[in-house]
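Please look at the model below before reading on. The paragraphs that follow go through it part by part.

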Amino acid sequence: MGELDTAAVLVWMHAATAAVAAHEAELTALDTAIGDGDHGTNLRRGFAAASLAAEDAAAAGTDPGPFLIAVGGALISSVGGAAGPLYGTVLRTAGKALEGPTADTAALAVALGAGLDALRRLGGAEVGDKTMVDAFAPAVDALRAAGDLPLAEAARLAADAAEEGMRSTTPLRARKGRASYLGDRSIGHQDPGATSTALVFRALAESLTT
Ligand code: ADP
Ligand code: MG
Ligand code: MG
């Protein structure tokens with residue numbers, strides 16, 4: 001698959017929804033350790049709503065850009081916790097940066113780069129603060145570095161980078177979100193949001209290769 005069209009984005013959203021549901025207990029356990037134990041539930045509910053919005057948008061023949069805007073809006077309005085509005089804003093902003101019926105590796109890097117910038121602005125977190133930014137930023141860097149590699153290959157590199165970023169959160173002290181209330185006691189736990197971000201990038205990679 002060289003380019004991401006609406007059908008491919010729909011497959012990605014379904015894969016992300018399935019991954020989040022399959023890992024709900026793990027995400028909740030991570031959030032129980034350093035947060036309030038709702039990350040798995042929040043994201044399962046949010047991605048289920050996002051999937052429904054995605055099906056509607058795909059059925060209406062919407063291009064990937066407005067498609068992601070609709071999906072992001074569904075995430076924002078269906079999740080109460082911090083992560084829903086953050087993920088929703090990423091997808092809405094990425095959607096606004098996509099034009100036309102397909103996106104190649106470079107276009108996806110630009111769009112998700114815009115999403116990352118919006119995530120940073122909204123949440124105020126930078127790499128090293130032990131949040132989803134720690135997985136998202138290296139994934140965007142990998143997409144940018146992939147240049148004109150085929151999308152499936154670039155997405156695999158992005159997913160690898162996101163997982164490495166996810167693992168890098170374990171020794172960190174949280175500086176944003178609920179986990180920051182724990183101070184040094186947040187050290188030694190993997191961040192739930194970085195974990196779900198890695199799942200979403202792996203879902204993209206897998207949806208492009210199968
Ligand atoms: P809540 O903390 O409101 O219960 P969730 O449990 O759904 O929300 O999500 C928690 C995750 O959200 C954290 O693990 C972290 O990755 C991410 N997060 C929280 N606050 C921020 C922030 N200010 N910037 C970026 N990510 C954040
Ligand atoms: Mg929580
Ligand atoms: Mg909460």
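How do the residues of the shell around ligand 1 divide into nonpolar, polar and charged? The model is a predicted one, and in it the shell consists of eight nonpolar, nine polar and six charged residues. Of the 23 residues around the ligand, those that come nearest are Gly-81, Gly-123, Thr-131, Gly-177 and Gly-193. Three elements give two or more residues to this shell: helix H3 (39-59), helix H5 (83-96) and helix H9 (192-209). The most comes from H9, which gives three residues.

As for the chain as a whole, the UniProt record, an unreviewed entry, lists residues 7-206 as "domain: DhaL". Over that range the chain is 71% helix and 1% strand. The C-alpha atoms at the two ends of the range are 14 Å apart.

Two of the helices that contribute to the ligand shell can be followed along their length. H9 has 18 residues and reaches 26 Å from its first C-alpha to its last, close to the 26 Å expected at 1.5 Å a residue. Of the 18 residues in H9, 16 are buried, so the helix is mostly covered. H3 has 21 residues, and its span of 30 Å is close to the 30 Å expected at 1.5 Å a residue. After H3 comes Gly-61, which has a positive phi, near 75°.

Within H3 lies Ala-57. Is Ala-57 buried or exposed? Ala-57 counts as buried because it has 23 C-beta neighbours inside 10 Å, and the cut-off for a buried residue is 20 or more. Leaving aside neighbours within four places in sequence, Ala-57 is in contact with Thr-62, Phe-67, Ala-70 and Val-71. Phe-67 is ten residues from Ala-57 in sequence, and their C-alpha atoms are 5.7 Å apart.

Val-71 also appears in the largest nonpolar core, which has 72 residues. Together with Ala-139, Leu-143 and Ala-158, Val-71 touches the most other members of that core. In soluble globular proteins, nonpolar side chains tend to be buried together. Beyond four places in sequence, the contacts of Leu-143 are Thr-105, Leu-108, Ala-109, Leu-112, Ala-154 and Ala-158.

The next residue to consider is Arg-144, in helix H7. With 17 C-beta neighbours inside 10 Å, Arg-144 counts as partly exposed. Not counting residues up to four places away in sequence, Arg-144 touches Ala-109 and Gly-113. Gly-46 is 98 residues from Arg-144 along the chain, and 28 Å separates their C-alpha atoms.

Two loop residues complete the picture. Lys-130 sits in the loop between helix H6 (105-123) and helix H7 (133-145). Lys-130 is buried because 28 other C-beta atoms lie within 10 Å. Its phi is positive, near 70°, in a residue other than glycine. Most residues other than glycine have a negative phi.

Asp-36 is found in the loop between helix H2 (24-34) and H3. Asp-36 counts as partly exposed because it has 13 C-beta neighbours inside 10 Å. Apart from neighbours within four places in sequence, Asp-36 is in contact with Asp-31 and Arg-178. Ala-179 is 143 residues from Asp-36 along the chain, while the C-alpha atoms of the two are separated by 8.7 Å.

Technical notes: Residues are numbered from 1 along each chain as its sequence is written. Chains are lettered from A and ligands numbered from 1 in the order in which they are written. This is a predicted model: local features need pLDDT of at least 70, side-chain atom pairs count only at pLDDT 80 or more; totals for chains, interfaces and linings use all residues. UniProt positions are given in the numbering used here, feature names are shortened, and annotations may be inferred rather than shown by experiment. Helices (H or I, at least four residues) and strands (E, at least two) are DSSP runs, numbered from the N terminus. A residue is near a molecule or strand if its C-beta atom, placed from the backbone, lies within 6 Å of it. Ala, Val, Leu, Ile, Met, Phe, Trp, Tyr, Cys and Pro count as nonpolar, Asp, Glu, Lys and Arg as charged, and the others, Gly among them, as polar. A residue is buried if 20 or more other C-beta atoms lie within 10 Å of its own, exposed if 12 or fewer, and partly exposed in between; C-beta atoms are placed from the backbone. Two residues are in contact if their C-beta atoms, placed from the backbone, lie within 7 Å. The expected span of a helix is 1.5 Å times one less than its number of residues. A nonpolar core is a set of buried Ala, Val, Leu, Ile, Met, Phe, Trp, Tyr and Cys residues joined through C-beta atoms within 7 Å.
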